[in-house]
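Hi,

Here is the structure I said I would pass on. Have a look at it first, and then read on for what I found in it.

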Amino acid sequence: MKEKSGRRLIQDFYNNTYHQRKKVYIEATFLSFLYSMTVAIFSLGGLIGSLLSGPMVDKCGRKGTLFLNNLLAIISSILMGFSTLVHAYEYTIFSRLITGVCSGIFSCAVPLYLAEVAPRNLRGTMVSVSALFIVIGVLISQVLGYEELLGTKKYWPILLSLPGFLAVLQVIVLPSCPESPRYLMIQERDEEKARQTLKKLRGQEDVEQEIDELYLEHISEKAEKEMGGLKLLFYRGLRWQVISVVVLMSGHQLTGVSAVYYYADNIYASMFLSKKEIRYIVLFSVISLVITLMVVVYIIDTVGRRALILIGFGVCSIICVLLTMALEMQTTISWMSYASSSLVFLFLIAHVLGPGPVPILLTTELFLQSTRSTSVALGGFVHWLVNFLMGIIFLHIETLIGSYSFLLFWPLSVATFIYIFKYIPETKGRTFLEIKRLMSAQLARRIQVQGHPAKENLKKRSAHHSNRRKKRRSTIG
């Protein structure tokens, strides 16, 4: 309901500003296109930001990138705040693009920074905290977007510019935060500064064990030093890691979560609830997601990444089928809309349990220092690209096949589940070097097992030909 209210506000704004300039109102089809462009341009900005994040975190450092991006976030918030004064839809769409660029950089740089400053036994917890605060931000924006607060024609630009206040706070706080010790040791080659940073982060004087770990990682990745995006994609030694990043980050969107969010409003409307009642249901759903992510933050370093993400993808796969059946029966069975709403709720819980927060964590863990920034940028690019494409094509698919669109996501979700089960190892409590060795050993074992029957067949064929030659010789003799 919030999305529909926001859509109405922005379309009315575009219509009124266009009328002031041209003395005519925008045609309905073009108005719908402008709103779709406003929504899609954010994902396009995220895609651009993810591509920029890789070079930025290596040249400016992890903390430096966050600082610069917060300055850009302040500028984008100011631009959004002046939307009603400029009275031009082109200006609003451009401001939205800049906001998307900031989000793209943040979505890559924040998990990267947290993964590198965290001790290995708390790495999952710290990276998952970023996902938790994203959902808390959604909850706050949900409340502030109510018509009684900032969801009005007068105040919606203020609502969209509120992230600027958080950016100002981060600009003040970030200079006192430490830089990534891995970045300092391996990429900047400043061992002493890395040692002092580790002492500050760990709150103890003896950090030589971690320094030794960083040194081993430094000397073990000689083949990957200074590897750019294209080299990373085609480097044979990292082929399966790259494939894993693409599968994990695209699987985040291809569970069908976009379809679930789209159908949620339609399902709530079919329950003949009032606007106020629907608002409370949506609020309760977001609060439940926050609680679920709190549980994930608490257990991810004990239960492990594999269990959470496999459970998440497995449940999402099953619900895609059940939700299709429930939506089809909704027209004939009155109470089925309540079953559909329950399935939507369970789907969102399952999504934030694993497919939501875990893929970006695994992306940071599958690579060593010199290629981690490029891999995270690649993961961010895939995420925003799929998000952008889903925003463009899903409505067309839904128009053609309706609720059966969930069945398109079901095989993709199942395929992602199978890939993770076969190829992604458990990474909790392991160093980055141990994870790489584990990944390589696991793949080598699978190749060896898969190649074993072929070797046996080759031996049998060789023995068969050898026996035939012996028979021939004895017959000639």
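Which side chain makes a polar contact with the side chain of Trp-384? In this predicted model, the partner is Ser-107, whose side chain comes to 3.2 Å from that of the tryptophan.

Since we're at that tryptophan, here is the rest of its setting. Trp-384 belongs to helix H19, which runs over residues 369-401. Its relative accessibility is 6%, so Trp-384 counts as buried, the cut-off being under 20%. Leaving aside residues up to four places away in sequence, Trp-384 touches two groups of neighbours you can pick out by number: Phe-42, Ser-43, Gly-46, Leu-47 and Ser-50, and then Ser-103, Gly-104 and Ser-107. There is also a nice example of sequence and space disagreeing: Gly-49 is 335 residues away from Trp-384 along the chain, yet their C-alpha atoms are 9.4 Å apart.

Stepping back to the whole chain for a moment: the secondary structure comes to 21 helices and 0 strands. There are 477 residues, and 49% of them count as buried. If you take contacts between residues at least 6 apart in sequence, 78% of them join residues at least 24 apart. The accessible surface comes to about 23,600 Å², with 67% of that belonging to carbon and sulfur atoms.

Now the charges. The structure holds 16 salt bridges. Some of these are linked in a network made up of Asp-58, Arg-62, Glu-116, Arg-182, Glu-213, Glu-217 and Arg-372. Two pairs from that list are worth pulling up on your screen:

- Asp-58 and Arg-62 form a salt bridge, with the closest N and O atoms 3.3 Å apart. Asp-58 is partly exposed at 26% relative accessible area, whereas Arg-62 is buried at 0%.
- Glu-217 and Arg-182 form another, at 2.6 Å from N to O. This pair ties together distant parts of the chain, 35 residues apart: Glu-217 sits in helix H11 (residues 208-220) and Arg-182 in helix H9 (residues 181-187). Is the pair buried or exposed? Glu-217 is buried, at 1% relative accessibility, and Arg-182 is buried too, at 7%.

Another salt bridge to look at joins Asp-301 and Arg-305, where the closest N and O atoms are 2.8 Å apart. Both of these residues are buried.

Next, helix H10. H10 covers residues 191-202, and its 12 residues reach 16 Å from the first C-alpha to the last, close to the 16 Å expected at 1.5 Å a residue. Which of its residues are buried? They are Ala-194, Arg-195, Thr-197, Leu-198, Lys-199 and Arg-202, so you'll find Arg and Lys side by side with Ala, Thr and Leu in that list. The cover over these buried residues includes helix H5 (89-117), along with H9 and H11. H9 and H11 are the helices that hold Arg-182 and Glu-217 from the salt bridge above. Just after H10, Gly-203 takes a positive phi of about 70°.

One more buried spot is Ser-76, in helix H3 (residues 62-81). Ser-76 has a relative accessibility of 3%, which is why it counts as buried. Not counting residues up to four places away in sequence, Ser-76 touches Ile-98, Thr-99 and Cys-102.

Last, the surface. Leu-400, Ile-401, Tyr-404, Leu-407, Leu-408 and Trp-410 form a nonpolar patch there, with about 600 Å² of accessible area together. H19 and helix H20 (406-423) are the elements that give two or more residues to this patch. H20 supplies the largest share, 3 residues. Leu-408 is one of the patch residues, and its place is in H20. With a relative accessible area of 45%, Leu-408 is partly exposed. H19 therefore turns up twice in this email, as the helix that holds the buried Trp-384 and as a contributor to the nonpolar patch.

If you want a viewing order, I'd go with Trp-384 and its contact to Ser-107, then the salt-bridge network that includes Arg-182 and Glu-217, then H10 and its cover, and finish on the nonpolar patch.

Cheers

Conventions:
Residues numbered from 1 in each chain as written. Predicted model: local features only at pLDDT ≥ 70, side-chain atom pairs only at ≥ 80, totals over all residues. Heavy atoms only, no water. Salt bridge = Lys/Arg side-chain N within 4 Å of Asp/Glu carboxyl O. Buried < 20%, exposed > 50% of the residue type's maximum accessible area, 1.4 Å probe, protein only. Helix = DSSP H or I, 4+ residues; strand = E, 2+ residues; numbered from the N terminus. Expected span 1.5 Å × (residues − 1). Contact = heavy atoms within 4.5 Å. Polar contact = N/O pair within 3.5 Å; in protein donor to acceptor, adjacent residues only side chain to side chain. Patch = residues over 30% accessible without salt bridge, like charges linked within 9 Å, V, L, I, M, F, W, Y side chains within 5 Å. Areas by Shrake-Rupley, 256 points an atom, 1.4 Å probe, with all protein chains shown as cover.
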